[in-house]
Amino acid sequence: METVPSVFARLMAVIEDRKVNPPAKSYTTKLFAGGVDAIGAKIIEEAAEVVEAARMATESREQELQHEAADLIYHVFVMLGHCGVPLSAVEEELARRFGISGIDEKAARPPKADSAGD
């Protein structure tokens with residue numbers, strides 16, 4: 001029986017293809033052209049919209065939250081594609097963390113280098 005790729009894998013494949021074969025009329029192509037700053041701005045915007053949707057006290061909250069979460073995931077995938085990070089690497093990182101307390105996992109990370117004023 002043939003395995004069908006997940007929607008995440010299919011989306012990432014499309015994004016990676018857009019990077020190599022950028023169609024002129026593609027939102028993903030436009031984001032790639034804007035680089036980390038443009039993609040990052042969209043991630044920040046979409047993350048705020050996810051939180052706003054979660055705060056909604058209406059019947060449409062679940063649908064709105066799903067919509068905004070999909071937008072956020074798409075933009076994070078575009079950043080991964082722009083930076084050449086395969087989805088499989090993110091999956092491996094998440095798998096590595098299974099069974100480890102998030103607090104313990106974060107404490108075990110090496111400190112981030114201070115990029116300001118070195």
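**Salt bridges, a helix crossing and a nonpolar core**

Glu93 is partly exposed, with a relative accessibility of 29%. The structure in which this residue is found is a predicted model, and every value below is computed from that model. The side chain of Glu93 joins that of Arg97 in a salt bridge, with 2.9 Å from N to O. Where in the chain do Arg97 and Glu93 lie relative to one another? Both belong to helix α4, which covers residues 87–97, and they stand 4 residues apart, so about one helical turn separates them. Arg97 is partly exposed as well, at 31% relative accessibility. Elsewhere, salt bridges that share partners link Lys42, Glu45 and Glu46 into one network. In the whole structure, a search finds 4 salt bridges.

The network deserves a closer reading, one pair at a time. Lys42 forms a salt bridge with Glu45, and the closest N and O atoms of this pair are 3.0 Å apart. These two residues are 3 places apart in helix α2, which means that about one helical turn lies between them. Lys42 also meets Glu46 in a salt bridge, at 3.5 Å from N to O. Here the partners are 4 residues apart in helix α2, and the separation is again about one helical turn. Lys42 is thus a partner in both the bridge to Glu45 and the bridge to Glu46.

Which members of the network are buried, and which are partly exposed? Glu45 is partly exposed, with a relative accessibility of 36%. Lys42, by contrast, has a relative accessible area of 18% and is buried; a residue counts as buried when this value is under 20%. Glu46 is buried too, with a relative accessible area of 4%. The bridge between Lys42 and Glu46 therefore joins two residues that are both buried.

What surrounds Glu46 in the fold? Apart from neighbours within four places in sequence, Glu46 is in contact with Glu68, Asp71, Leu72 and His75. Glu46 itself lies in helix α2, while helix α3 spans residues 61–83.

Attention now turns to the way in which helix α2 meets helix α1. Helix α1 comprises residues 7–20 and helix α2 comprises residues 27–55; the two pack at an angle of about 65 degrees, and their axes are 9 Å apart. The crossing of α1 past α2 is right-handed. Which residues make this contact? From α1 come Ile15, Arg18 and Lys19, and from α2 come Thr28, Thr29 and Phe32. By chemical character, the residues of this contact comprise 2 that are nonpolar, 2 that are polar and 2 that are charged.

Phe32, one of these contact residues, is placed in helix α2 and is buried, at 12% relative accessibility. Not counting residues up to four places away in sequence, Phe32 touches Ile15, Arg18, Lys19, Ile39, Val78, Gly81 and His82. Computed along the chain is not the same as measured in space: Phe32 and Glu16 are 16 residues apart in sequence, and their C-alpha atoms are 11 Å apart. Ile15, on the α1 side of the contact, touches Thr28, Phe32, Tyr74, Phe77, Val78 and Gly81, again leaving aside residues up to four places away in sequence.

These contacts lead to the nonpolar core. In soluble globular proteins, nonpolar side chains tend to be buried together. The largest nonpolar core of this model has 12 residues, namely Met12, Ile15, Leu31, Phe32, Ile39, Ile43, Tyr74, Phe77, Val78, Met79, Leu80 and Leu87. Helices α1, α2 and α3 each contribute at least two residues to this core. Which helix gives the most? The answer is α3, with 5 residues.

Met79 offers a view of the core from helix α3, where this residue is found. With 16% relative accessibility, Met79 is buried. Apart from residues up to four places away in sequence, Met79 touches Val36, Ile39, Gly40 and Ile43. Ile39 and Ile43 are, like Met79, members of the largest nonpolar core. The C-alpha atoms of Met79 and Asp37 are 9.9 Å apart, although 42 residues separate the two in sequence.

Terms used:
Residues numbered from 1 in each chain as written. Predicted model: local features only at pLDDT ≥ 70, side-chain atom pairs only at ≥ 80, totals over all residues. Heavy atoms only, no water. Axes fitted to C-alpha atoms, helices over the stretch in contact; angles between N-to-C directions. Left-handed = near helix turned anticlockwise from the far one by under 90°. Contact = heavy atoms within 4.5 Å. Nonpolar A, V, L, I, M, F, W, Y, C, P; charged D, E, K, R; others polar. Buried < 20%, exposed > 50% of the residue type's maximum accessible area, 1.4 Å probe, protein only. Core = buried A, V, L, I, M, F, W, Y, C linked by side-chain atoms within 4.5 Å.
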